[in-house]
Amino acid sequence: MITKLVGRLKFISAIVATSLLLIQAQSVLADNFYAGVDLGKSKTKTTQSTPDNSLTHYYLTTANVFDITGKDNTFGYHFGYNHYLSNSFFIGPEFRLIKNNQDVGKQQGRFAATNDYLVKYDDIETLALRFGVVENKISYYLLGGLAQSDIYIKADEGASGVHVGDSQAKHNGTVMGIGAETTILENMLLGIQYAEINFKNKTQTLNDCCSGGAGSGYEGPDVVSVNPNIRTLSIRVSYLF
């Protein structure tokens, strides 16, 4: 009987030892905070429309729906938190500030040569959730969340300031993206990220200081329906805390 008891104890000990080894082999990576900077390129597209009886429509040379597009360099900051579900998967929030300040002028053929029409994207803030997988020391992830930016519009149309107006409004939207990063030093990450930010359509009213020159039929409110979109491709460097 004692021999059987000793045998059972050995068997149980072997199971416990094997379980501990398996748990140790599957230990989850340590959670961490991170912060860093990113440099990249941005491409913007602002689809706009204006009523037929507005002053802005009077100075258009094409239909009342038009796009203003542009490209620029970007600089930004980011910080976030990684929670590792296992050695292979992680999830966590990330805040990003994009110092864009991009001025996008009128497109060729949209307005008469004497006119000036400007769209400016202010700093863009995003708050997204990242979900990714770790493979061969490289992290691949998807991200999705919310975005916000001020959009400024200025019109200087007609000769000698006949029609001058501007408008500024806060736009909310969403951000979606994909990225990858890898460790280059003990606490340093190098990565690349593509993001697409779509802001909701919003109507902005130009505060006209001068409203002459258009004639009858264009006395309606000078409003522009603005639908901004921005895409960024960035190289990122992050420090793990």
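With a relative accessible area of 7%, E181 counts as buried, where buried means under 20% relative accessible area, exposed over 50% and partly exposed in between, calculated with a 1.4 Å probe on protein chains only. The model is predicted, so that local features need pLDDT of at least 70 and side-chain atom pairs count only at pLDDT 80 or more, whereas totals for chains, interfaces and linings use all residues. Residues are numbered from 1 along each chain as its sequence is written, and side-chain values use heavy atoms, with hydrogens and water left out.

The side chain of E181 meets that of R130 in a salt bridge, with 3.3 Å from N to O; a salt bridge is defined as a side-chain nitrogen of Lys or Arg within 4 Å of a carboxyl oxygen of Asp or Glu. Because R130 lies in strand β5 and E181 in strand β7 (residues 163-185), this pair ties together parts that are 51 residues apart in sequence; strands (E, at least two residues) and helices (H or I, at least four) are DSSP runs, numbered from the N terminus. R130 is itself buried, at a relative accessible area of 1%.

R130 also forms a salt bridge with E94, for which the closest N and O atoms are 3.9 Å apart. Since E94 belongs to strand β3 and R130 to strand β5, the contact joins parts that are 36 residues apart in sequence. E94 is buried as well, with a relative accessible area of 5%. A further salt bridge is found between the side chains of R236 and E94, at 2.8 Å from N to O, and it ties together parts that are 142 residues apart in sequence, because R236 lies in strand β11 (residues 223-240) and E94 in strand β3. Both R236 and E94 are buried. E94, R130, E181 and R236 are thus linked in a network of salt bridges, and the count for the structure comes to seven salt bridges.

R130 has an aromatic contact in addition, as it lies over the face of Y141 at 4.2 Å from the ring centre; a charge sits over a ring if NZ of Lys or CZ of Arg is within 6 Å of the ring centre and within 35 degrees of the ring normal.

The structure holds six aromatic pairs, for which rings of Phe, Tyr and Trp (its six-membered ring) must have their centres within 6.5 Å, planes under 30 degrees apart counting as stacked, over 60 as edge-to-face and the rest as tilted. One of these pairs is formed by F75 and Y77, which are edge-to-face, with 5.1 Å centre to centre and 80 degrees between the planes. F75 is partly exposed at 31% relative accessibility, and Y77 is likewise partly exposed, at 42%. The rings of F79 and F95 are tilted, because their centres are 5.5 Å apart and their planes stand at 40 degrees. F79 lies in strand β2 (residues 65-84) and F95 in strand β3 (residues 89-99), so that this pair ties together parts that are 16 residues apart in sequence. Relative accessible areas of 48% for F79 and 27% for F95 place these residues in the partly exposed class.

Backbone geometry was examined in the loop between β5 (116-135) and β6 (138-157), where N136 is found. N136 has a positive phi of about 55 degrees although it is not a glycine, and its relative accessibility of 69% makes it exposed. K137, which lies in the loop between β5 and β6, has a positive phi of about 65 degrees, again without being a glycine, and K137 is exposed with a relative accessible area of 72%.
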